[in-house]
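Let's take a walk through a protein structure together. Keep the sequence and the 3D view side by side as you read.

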Amino acid sequence: MISLRYVISDYIGGGWGKESPDEKYSVHGYVIRGTDFDGVQSGVTAAVPFRWHQASNVDSRALLPGDIVFEVSGGSKDQPVGRSLLLDANRLGRFQAPVIPASFCKKIRPDHEKIHPRFLSAHLQLAWKDRRIVQWQVQSTGISNFKFEEFLDDFLISLPPLPSQRRIAAILSAYDELIE
């Protein structure tokens with residue numbers, strides 16, 4: 001078992017941008033919120049906000065195939081924070097401009113030499129579904145926040161060799177395609 005931090009090459013908080021452009025906010029891009037996860041998973045992107053951003057924010061936060069958007073704030077009593085969404089080339093291809101995570105989310109980029117993104121995504125989604133993820137959640141002033149740094153160190157993953165991960169990921173992908 002290894003910590004999540006070991007298999008992550010990069011992570012960064014999201015952004016929100018502005019409704020109108022100005023000299024600093026000149027790059028148009030989409031912002032995926034936790035509320036957009038189900039729609040984007042199903043291929044529906046119409047509700048994803050399209051906003052103006054600083055070029056530096058888009059450069060550091062733009063999502064690439066294999067990245068995971070991870071919700072760190074929000075949630076409710078019946079829906080803890082910690083939901084995640086794996087972005088593949090097909091899902092990102094439905095957008096006509098760069099896509100970044102919203103400010104209540106983080107971009108997680110798996111280290112592809114250590115872990116297959118779909119394999120990691122399955123671990124994260126299972127931990128949310130079986131509510132193991134709740135232990136890193138803190139409730140304050142009506143919204144829940146996630147202790148992300150602790151999560152990176154304390155969330156343990158069984159890590160088989162990459163060829164085994166690829167086989168598992170292929171099976172999971174086949175199921176995803178059937179569901180879509």
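**Rings, strands and charges**

Y30 has a relative accessible area of 14%, so this residue counts as buried, because buried means under 20%. Keep in mind as you look around that this is a predicted model.

Which residue stands opposite Y30 in strand 4? That partner is F50. The two rings have their centres 4.3 Å apart and their planes at 40°, so the pair is tilted. Y30 belongs to strand 3 (residues 27–32) and F50 to strand 4, so the pair ties together parts that are 20 residues apart in sequence. Unlike buried Y30, F50 is partly exposed, at 37% relative accessibility.

Now step back to the strands themselves. Strand 3 and strand 4 run antiparallel and are joined by four bridges. They belong to an open sheet of three strands, in the order 4-3-8, with mixed pairing. Strand 4 and strand 8 (99–101) are the edge strands, each pairing on one side only. On average, neighbouring strands of this sheet are turned by 50° against each other, direction ignored.

Just before strand 4 (50–53) comes a loop that starts after helix 1 (37–41), and T45 lies in this loop. Is T45 buried or exposed? With 17% relative accessibility, T45 counts as buried. Setting aside neighbours within four places in sequence, T45 is in contact with R94 and F95.

Let's return to the aromatic rings. How many aromatic pairs does a search of the whole structure find? There are 10. Besides the tilted pair of Y30 and F50, look for F70 and F146, which form an edge-to-face pair, 5.1 Å centre to centre with 65° between the planes. F70 sits in strand 5 (residues 68–71) and F146 in strand 11 (residues 143–146), so this pair ties together parts that are 76 residues apart in sequence. Both partners are buried: F70 has a relative accessible area of 0%, and F146 has 9%. F70 and F146 also belong to one aromatic cluster, together with Y11, W136, F148, F151 and F155.

Charged side chains come next. Side chains of opposite charge can pair when their charged atoms come close. In this model the count comes to 12 salt bridges. One of them joins D10 to K107, with the closest N and O atoms 3.4 Å apart. D10 is found in strand 2 (residues 8–13) and K107 in strand 9 (residues 105–110), so the pair ties together parts that are 97 residues apart in sequence. Here D10 is partly exposed at 30% relative accessibility, whereas K107 is buried at 2%.

K114 is worth finding too, as it appears in two kinds of pairing. Its side chain meets that of D111 in a salt bridge (3.8 Å, N to O), and its charged end sits over the ring of Y6, 3.9 Å from the ring centre. K114 is partly exposed, with a relative accessible area of 26%, while D111 is buried at 18%.

Finally, look at E150 and K147, which form a salt bridge with their closest N and O atoms 3.9 Å apart. E150 is partly exposed at 41% relative accessibility, and K147 is also partly exposed, at 30%. To finish the tour, trace the network of salt bridges that links R5, E149 and D153.

Conventions: Residues are numbered from 1 along each chain as its sequence is written. This is a predicted model: local features need pLDDT of at least 70, side-chain atom pairs count only at pLDDT 80 or more; totals for chains, interfaces and linings use all residues. Side-chain values use heavy atoms; hydrogens and water are left out. Helices (H or I, at least four residues) and strands (E, at least two) are DSSP runs, numbered from the N terminus. Buried means under 20% relative accessible area, exposed over 50%, partly exposed in between (1.4 Å probe, protein chains only). Contact means heavy atoms within 4.5 Å. Rings of Phe, Tyr and Trp (its six-membered ring) pair if their centres lie within 6.5 Å; planes under 30 degrees apart count as stacked, over 60 as edge-to-face and the rest as tilted. A charge sits over a ring if NZ of Lys or CZ of Arg is within 6 Å of the ring centre and within 35 degrees of the ring normal. Two strands pair if DSSP finds at least two bridges between them. Axes are lines fitted to C-alpha atoms, for helices over the stretch in contact, and angles run from 0 to 180 degrees between N-to-C directions. A salt bridge is a side-chain nitrogen of Lys or Arg within 4 Å of a carboxyl oxygen of Asp or Glu.
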